[in-house]
Amino acid sequence: MKRRSTPTPRVSSAAPADPARRRVLGAAAAAGALGAWSTLSFAGAAGPGGNRFVLVILRGGMDGLGAAPAIGDADFASARGPLAQYAAPPLRLDATLALHPNLGELHAMVGRGEATIVHAVGLTYRERSHFDAQQVLESGGVRPYELTTGWLGRALATSGSKGIALSTAVPLVLRGSSVVDTWAPSVLPNPSADLVARLERMYASDVPLATALERARQLHFDTAAMQNNDDATAMTGYGARPGAFVALAQRAAEFLVQPAGPQAAVLEIGGWDTHANQVNPNGALAGGLRQLDAGLAALRSGLVGGGAWSRTVVVVATEFGRTVAINGTLGTDHGTGGVAFVLGGPVRGGVVADWPGLARSQRYDGRDLRTTTDLRALLKGVLADHLHVASRALDAEVFPGSEKVKPLQLLRA
Amino acid sequence: MASSLQLQSAIAAHRFGLGEANLAVVDSDPQGWLAAQIGPADAPRGSGLLDTRQALDHVAAEREKRQLAKNPPPGMTAEQLISGHYREVIVADARSRLATAALTQRPFAERLQMFWTNHFTVSLLKGTARGLVGAFERDAIRPNIAGRFETLLVAATTHPAMLRYLDNWLSAGPDSRVVAFEARRAARREEGPRVSGLNENLAREVLELHTLGAESARGGVYTQADVTAFAAVLTGWRVARDPDPGAPVFDPNWHEPGRKTVLGKSYGEGADALRQVLHDLARHPATARFVSTKLARHFVADDPPPALVDRLTAAYLKSDGLLAEVYRELIRDDASWHARPTKLKTPEEFVVSTARLLAFGDRWFERPEANNNAAVGAIGALGQRLQAAPSPAGWSDRADDWLGPDAVWKRVEWATRVADRAGRIVDTRQLAAQSLGPLLGAETARQIERAADGPQALALLLLAPEFQRR
């Protein structure tokens, strides 16, 4: 791939784990200001033993340069000030790049050639609103609200896959597939089948309620055995406890390894909006990264145990990166370019980044890490090579109008 | 055949209120019933509620206890010092909010309070706002829901909970005295400064979520430069780390000197500039449209009729942002009274309207949270943990976002629990007719009539489309 074979001058070292001239950056994200919470969604019944896909959405705008610091960039330390200081040494990947010290598991995956760090990646949307940017991230459009369904939902629809969401609400990214289920652990007893049958009659004239009830009924009666024990109940009632994301990741793996399990799962973690006090080693960013790292490890472990890791690709993405420079309150404000991670058995590993540099003149608007890779290129590459979505469908339906965005090749041939 | 007046009574009670066990309370004049409720929200019920000053003191005391817990004095454990910290305050807030809504005779005002509390979201998911959310609702929102939007906007923006939630208390002018002082102190100690400049969080969200709306950013009404300049205007509006009773919320030492230009207009240095910017934002046509759209979406339809939004916007602009006038227009407009309810109740509305339907008194809200059908925990289990909206945009006001299969299933589970007890002592057939009136559909009435027993009949009523929607 062109990008990998022609590193830009600023970051030139090769990944230790890979003879190709790939750059290895740090991965992971910042947990942040709005407090951590997490959810899990599933989509699509695949053929037995088919390929699996997991999307982890980091809501709030993960600081890409906090999670994957460009410590070898000459302008990194001066722009970041105290944010360039870490409680423990960053986990080096090469002469230039490193991972946040709380991303040890991800670092190990990079070392094993199972994880690729894609840096300076982002959306074509550049206006820095969380809500608009998340809409674009999930819808797969260019401008907010031009599309009302999600790219993953549309991708699954091309193969007639159905969906299931392991959260109370269906995330936008999954909307558009013919059916999407949601599932979340419950602490209440199951209603009687008789009541549900009566409700179905009563909902005959209310299609949205009828559809939701029907999907829920199948899901709950089908998975009743799975509901009984579980840390994932930590997600209900008074909200997420620490470790809830790990429990959800474990649950995601349990679903995905089933022969007739879903083809895709969506996990979400909030809390990355680190406007203030990002430097705190016990703060939201550090804690979020720790939780993300543990969750990714749990997901991997469950998939390995169930024999599905070799056919699973996981993409971790956020709506935008944050400002290169530290702000006035030891945090970072909304930016544009950031980092994404791709992991799984079929992944080549290493780093992909057309590094723009961090000097003020190299930044977008003089403030943000410049986006040099369209996130859609990453997603198109994974959907094409792993879920075998046809390129015409990718260009026209999944990411409409994206003919010129060439898919990245991130998986082993 | 129901008269249109009966239908209007049912719509007034359910769409604009929080449901009634008997439509007789609406009497013969549904519009008049609603209009008479326009005004400040009820005084909150309950005890143990902190005002803003007390809540800040409590936060400061909690911080001290945590400091102390790092090195507990003899005879005390760290756990004793920090256990139960904010929980009592938050549970008291939540119970008060629900009991007030369940028992009020002015449910339209209560709905407006809920709408504005969500519009100006402050969430305890951010630790700095924890313990202050209830005081914010009571002191900044409740008294101001029917006055000028500007008054509400100023109260919300300058409340300590908002200043902390969106980081403004930490934002300093890059050329402010505190930044210069911090730089000198840091140099002396050979460490980094704790504050060095702006934090744009509050400025951006006031523009995007509270006034002009995201559409305005997309349309170029405001730009990044306006966000940055507005952030400079906002500097100095903060809450001291150790609040001193009577201390001003504005600290000039943190304020950025010089004039700032926001939306093409120049504002002077000092505390007063914020009020001037908010004054101008409140009168901006984009704000009028944004607020009108959200109100119409909340009460009438996820995608409200454009003509209704136009008329609300006109009422807003004509009255100089007097919210009472906008509400009067809303309840006067035929488009608001369409016969088919499409809005799905939020979990909070569902639980509160259940309490009103079944005439649960104060005591229902005092149940221990270990009890699964206690109100506060139930709303959380249904997906809307009180005081804990996931982002500054607040809870969604669109049915799609509440209609995930699991969310609907949890409503079924909870309704089953409630009905298991209450269904044995009420006549659900009569209740359905008295509460829903002409809204009650033939199929729902038939299913209730044929229910296997009382609990099942009540569960069916609570889960009926006519009760889930409004």
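Two residues are taken to be in contact if their C-beta atoms, placed from the backbone, lie within 7 Å. The model described here is predicted.

**The loop residue A:Gly141**

Apart from its neighbours within four places in sequence, A:Gly141 is in contact with A:Val136, A:Glu146 and A:Leu147. A:Gly141 belongs to the loop between α5 and α6 (151–158) of chain A. Is A:Gly141 buried or exposed? A:Gly141 counts as buried because it has 24 C-beta neighbours inside 10 Å, the threshold for burial being 20 or more other C-beta atoms within that radius. A separation of 37 Å lies between the C-alpha atoms of A:Gly141 and A:Gln85, which are 56 residues apart along the chain.

**Strands of chain A**

Strand β9 (residues 312–318) of chain A is mostly covered, with 7 of its 7 residues buried. In a regular strand the side chains alternate between the two faces of the sheet. In β9(A), A:Thr312, A:Val314, A:Val316 and A:Thr318 point one way, A:Val313, A:Val315 and A:Ala317 point the other way, and all are buried. Strand β5 (115–122) of chain A is likewise mostly covered: 8 of its 8 residues are buried.

The pairings of these two strands are set out below.

| Strand pair | Sense | Bridges | One bridge |
|---|---|---|---|
| β2(A) and β9(A) | parallel | 7 bridges | A:Leu55 with A:Val315 |
| β9(A) and β10(A) | antiparallel | 4 bridges | A:Val316 with A:Phe341 |
| β5(A) and β10(A) | antiparallel | 6 bridges | A:Ala115 with A:Leu343 |
| β5(A) and β11(A) | parallel | 3 bridges | A:Thr116 with A:Gly350 |
| β5(A) and β12(A) | parallel | 2 bridges | A:Val121 with A:Thr373 |

Strand β10(A) thus pairs with β9(A) and also with β5(A). On the β9(A) side, A:Phe341 of β10(A) is the bridge partner of A:Val316, whereas on the β5(A) side A:Leu343 of β10(A) is the bridge partner of A:Ala115. A:Val315, the bridge partner of A:Leu55, is one of the buried residues of β9(A).

**Helix α4 of chain A**

Helix α4 (residues 104–111) of chain A has as its buried residues A:Glu105, A:Leu106, A:His107, A:Met109 and A:Val110. The elements covering them include β3 (91–92), β4 (98–99), β5 (115–122), α10 (284–305) and β10 (338–344) of chain A. Both β5(A) and β10(A), joined to each other by 6 bridges, are therefore among the elements that cover this helix. After α4(A) comes A:Gly113, with a positive phi near 70°.

**A helix pair in chain B**

Two packed helices are described by the angle between their axes and the distance between the axes. For helix α5 (residues 87–103) and helix α18 (residues 347–357) of chain B, the axes come within 8 Å and cross at roughly 50°. That angle makes α5(B) oblique to α18(B), and the crossing is right-handed. B:Leu98, B:Ala101 and B:Ala102 make the contact from α5(B), and B:Val352, B:Ala355 and B:Arg356 make it from α18(B). By class, these residues comprise 5 nonpolar, no polar and 1 charged.

**Contact between the chains**

How many residues does each chain bring to the contact? Chain A contributes 60 residues and chain B contributes 59 residues. On the side of chain A that touches chain B, the elements giving two or more residues are α5 (130–139), β7 (180–182), α7 (193–202) and α8 (207–222) of chain A. Of these, α8(A) gives the most, with 8 residues. The side of chain A that touches chain B has 29 nonpolar, 20 polar and 11 charged residues.

Technical notes: Residues are numbered from 1 along each chain as its sequence is written. Chains are lettered from A and ligands numbered from 1 in the order in which they are written. This is a predicted model: local features need pLDDT of at least 70, side-chain atom pairs count only at pLDDT 80 or more; totals for chains, interfaces and linings use all residues. Ala, Val, Leu, Ile, Met, Phe, Trp, Tyr, Cys and Pro count as nonpolar, Asp, Glu, Lys and Arg as charged, and the others, Gly among them, as polar. Axes are lines fitted to C-alpha atoms, for helices over the stretch in contact, and angles run from 0 to 180 degrees between N-to-C directions. Angles under 35 degrees count as roughly parallel, over 145 as roughly antiparallel, 65 to 115 as roughly perpendicular and the rest as oblique. A crossing is left-handed if the near helix is turned anticlockwise from the far one by less than a right angle, and right-handed if clockwise. A residue is buried if 20 or more other C-beta atoms lie within 10 Å of its own, exposed if 12 or fewer, and partly exposed in between; C-beta atoms are placed from the backbone. Two strands pair if DSSP finds at least two bridges between them.
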